[in-house]
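Please open the structure in your viewer and keep the selection panel at hand. The tour below proceeds one selection at a time.

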Amino acid sequence: MATEIIKLLKDKQAIILERWMENQLTPARVREDLISSDDLRADSVALITALVSNLKEKSLNDTDSADFNPITELLGSISFSRAKQGFSPRETGLFIVGLKEVLIAVIQEEVKDPRQLVDLSLKIHRLMDNLLIITFETYIKGREEVILAQTDEIAEISIPVIRVWDGILALPIIGTLDSARTQVIMEALLTEIVESSSDIAILDISGVPTVDSMVAQHLLKTVSATRLLGATCIISGIRPEIAQTIVHLGIDLSSIVTKSTMASALQHAFQLLRLEVYKRTPANASHVKPE
Amino acid sequence: MIKTAILLATEHMSILREEDVVPFRYRVKECAAGIKMGLVNQTYLITAASELARNMLKYADGGIVLIETIERDGETGIRLMFKDQGPGIEDVGLALKDGFSTGGSLGVGLPGAKRLVNEFEIASEPGKGTSVTIIRWANG
């Protein structure tokens with residue numbers, strides 16, 4: 001009986017494909033903005049060919065069978081690319097659901113014996129449901145890759161080393177400091193210190209939501225490395241609640257110059273470099289050459 | 001032994017990767033803000049939570065945390081229970097001493113977390129895992 005259905009599917013392959021395409025191209029389901037109907041057709045032909053040519057009597061009863069590997073692979077790559085193209089999970093799932101509907105309809109027309117019909121449609125259901133699960137699994141994997149790529153991008157854009165003055169670098173740290181990010185930040189900072197022959201580096205942690213012992217340890221490491229290059233490191237942007245937390249936690253930052261704001265850190269840096277910044281008043285304006 | 005309290009809300013989160021720590025901290029912050037905990041107390045709680053979550057990742061390959069909103073004697077607070085199936089702690093007393101670390105860190109995580117919360121309880125058995133319970137009251 002199972003052989004019959006495989007033979008039936010083979011004979012009706014062309015009709016199934018046409019009906020399936022029709023089903024997919026209904027105005028409610030079609031997404032011409034995301035995929036052209038030619039590409040959609042190519043995907044459909046590939047999947048239906050893989051399905052018909054790999055389906056064996058044994059594998060129809062056992063959805064874990066190795067016969068399914070080519071189908072699984074193909075379906076996986078289709079759903080994966082759908083995820084990246086921006087299809088919704090529902091739209092991706094409907095691709096398989098549409099095929100299931102058509103297959104059931106074809107069987108209904110061909111098989112007359114009710115018992116046999118029920119038996120066959122159950123098998124088709126089980127098979128297609130399994131494919132549907134595969135679709136979702138790979139769809140989610142595809143989305144996760146998108147998220148991972150974005151995470152990398154965020155990590156990269158959030159570490160600018162700014163030359164605020166001749167000899168003074170500022171580095172606003174945003175987000176959590178983990179080992180990998182500390183490495184990136186340290187490299188960027190140390191390279192810039194050497195290149196610009198700066199004497200002072202200001203690490204601003206206003207954008208770090210939580211300073212726990214791991215973040216503190218990474219900060220201490222960065223400060224030590226800066227010192228080895230002969231530069232002074234100032235940590236700024238310590239909020240009041242963070243200051244209290246650091247004390248309770250028992251982290252000793254007394255060996256580091258810390259300031260509450262970037263402005264006071266900059267002022268401290270000016271002092272170290274013996275620079276003076278003052279407001280022009282009528283009394284001292286005469287000392288300044290008119291432009 | 002931590003006294004019993006009325007449970008107002010409960011949820012759990014698993015900490016299995018480094019990336020789970022930030023969403024977990026965020027969730028604790030939301031719960032703490034939900035019971036109108038002050039900013040300083042919130043920061044204490046979140047930092048303690050962060051230390052304990054990282055310990056769990058570092059020494060036990062992760063575990064599970066129960067986040068609970070509780071009430072006792074008219075006070076509301078957040079109770080966090082960290083449970084792992086890791087190697088356990090040989091000498092809990094030593095692990096709670098400042099500056100002691102088997103993992104090359106500052107050694108302030110566990111004792112620091114204890115100082116940052118109102119109530120702290122740790123139970124550990126070598127080979128069986130560790131569980132840490134902390135409570136921070138909204139106005140404690």
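How far does α8(A) reach from its first C-alpha to its last? Select this helix, residues 213–228 of chain A, in what is a predicted model. With 16 residues, α8(A) reaches 23 Å, close to the 22 Å expected at 1.5 Å a residue.

Next, display the side chains of α8(A). The buried residues are S213(A), M214(A), V215(A), A216(A), H218(A), L219(A), T222(A), V223(A) and T226(A). To see what surrounds them, add α7 (179–195), β3 (200–207), β4 (232–236) and α9 of chain A, against which the buried residues of α8(A) pack. Then add α2 (39–60) and α4 (109–116) of chain B, since these residues pack against both of those helices as well.

Move just past the end of α8(A) and select G230(A), which takes a positive phi of about 85 degrees.

Now turn to the contact between the chains. Here 16 residues of chain A are in contact with 21 residues of chain B. On the chain A side, α8 (213–228) and α9 (240–249) each supply at least two residues. The largest share, six residues, comes from α9(A). Colouring this side of chain A by residue class should show five nonpolar, eight polar and three charged residues.

Finally, zoom out to the whole of chain A, which has 11 helices and five strands. Of its 291 residues, 27% are buried. Among contacts in chain A with a separation of 6 or more, 74% join residues 24 or more positions apart.

How values were computed. Residues are numbered from 1 along each chain as its sequence is written. Chains are lettered from A and ligands numbered from 1 in the order in which they are written. This is a predicted model: local features need pLDDT of at least 70, side-chain atom pairs count only at pLDDT 80 or more; totals for chains, interfaces and linings use all residues. Two residues are in contact if their C-beta atoms, placed from the backbone, lie within 7 Å. Helices (H or I, at least four residues) and strands (E, at least two) are DSSP runs, numbered from the N terminus. Ala, Val, Leu, Ile, Met, Phe, Trp, Tyr, Cys and Pro count as nonpolar, Asp, Glu, Lys and Arg as charged, and the others, Gly among them, as polar. The expected span of a helix is 1.5 Å times one less than its number of residues. A residue is buried if 20 or more other C-beta atoms lie within 10 Å of its own, exposed if 12 or fewer, and partly exposed in between; C-beta atoms are placed from the backbone.
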